[in-house]
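Trainee: Could we take a close look at a single part of this model together? I would like to follow one helix from its own geometry out to its neighbours.

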Amino acid sequence: MRTNILITGASSGLGAEMARQFAAKGHSLALTARRLDRLEELRAEIVAAHPDVEVVVRQLDVNDHDQVFAVVKEAADELGGLDRVIVNAGLGKGGRIGTGKFHANKQTAETNFIAAMAQCEAAMEHFYAKKSGHLVVISSVSAMRGMPSSMAAYAATKAGIAHLAEGIRMDLVGRGLDILVTTIYPGYIASEMNEKVEQEQKLMVDTATGVRAMVKAIDKEVDNAAVPAWPWVPLGQVLKHAPRPVARKLI
């Protein structure tokens, strides 16, 4: 079992629920986010429910790249090594290209791609040193196709991080190392980030159900998984290949 897990963006939403579900499976956790008070509350909740589980928390703004490397090292030292790193921290701000929302789109790009790349770099340095580990990148079904309006920049960043994960996976071919890379493409799962996105409601599942599907795919250590599998495995393919007017109606 990949015993020690680090999760970024763990103060709410998918990250917090992954922490709860992995703790229930007996994993030790390193949880990071900007909101330390939220992390401490989550730690108290998890330790109360699972007294034998070790949980360390660290305040982390993933856009502080030096801090990313420092926190990954600190967490690894405190837990005696990291077996899995889940690159989950993300931002959903943005606006339609050409409408003066460049700053918001830039923030999303920096957080969801550049900062994610820093997290991958820090994790893989650790895994290469110990010759084992599991890197998990949280992408999105929106990565399957260019998205309109406020989703344009977000979808592009999620496609970018998915391709980065595949590049890391390609680098591992033939090296004989116990290092695996999983890319998770969540569909519409209720979270703090998307609670105001009206167009997602008809296919939305609750946080616990959606994260249960994520955790199941992560534990299987598959290369890629759209979750929940229904309807996102078939719908993801439709989004990817359907004529543009058809795809536009589905999102």
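How many residues does helix α3 have, and what distance does α3 reach from its first C-alpha to its last?

Mentor: Happy to! Keep in mind that this is a predicted model. Helix α3 spans residues 65-79, which makes 15 residues, and it reaches 21 Å from its first C-alpha to its last, close to the 21 Å expected at 1.5 Å a residue. Now look at which side chains turn inward: Val 68, Val 71, Val 72, Ala 75, Ala 76 and Leu 79 are the buried residues of α3. Because they cover an arc of only 135° around the axis, they sit on the same side of α3. That fits a general rule: an α-helix has 3.6 residues a turn, so residues three or four places apart point the same way. On the face of α3 turned away from the buried side you will find the exposed residues Asp 66, Lys 73 and Asp 77. Just after α3, Gly 80 takes a positive phi of about 80°.

Next, the partners. The buried residues of α3 pack against β1, β2, β3 and α4. Those three strands belong to an open sheet of 7 strands with parallel pairing, ordered β3-β2-β1-β4-β5-β6-β7. In this sheet β3 (55-59) is an edge strand, as is β7 (224-227), each pairing on one side only. Strands β1 (residues 4-7) and β2 (residues 28-33) pair in the parallel sense over 4 bridges, and Leu 6 stands opposite Ala 30 in β2. The helical partner, α4 (residues 102-130), lies across β4 (84-87), β5 (132-138) and β6 (178-186), running at about 165° to β5.

Definitions and conventions:
Residues numbered from 1 in each chain as written. Predicted model: local features only at pLDDT ≥ 70, side-chain atom pairs only at ≥ 80, totals over all residues. Heavy atoms only, no water. Pairing = 2+ DSSP bridges. Helix = DSSP H or I, 4+ residues; strand = E, 2+ residues; numbered from the N terminus. Contact = heavy atoms within 4.5 Å. Axes fitted to C-alpha atoms, helices over the stretch in contact; angles between N-to-C directions. Expected span 1.5 Å × (residues − 1). Buried < 20%, exposed > 50% of the residue type's maximum accessible area, 1.4 Å probe, protein only. Arc of directions from axis to C-beta.
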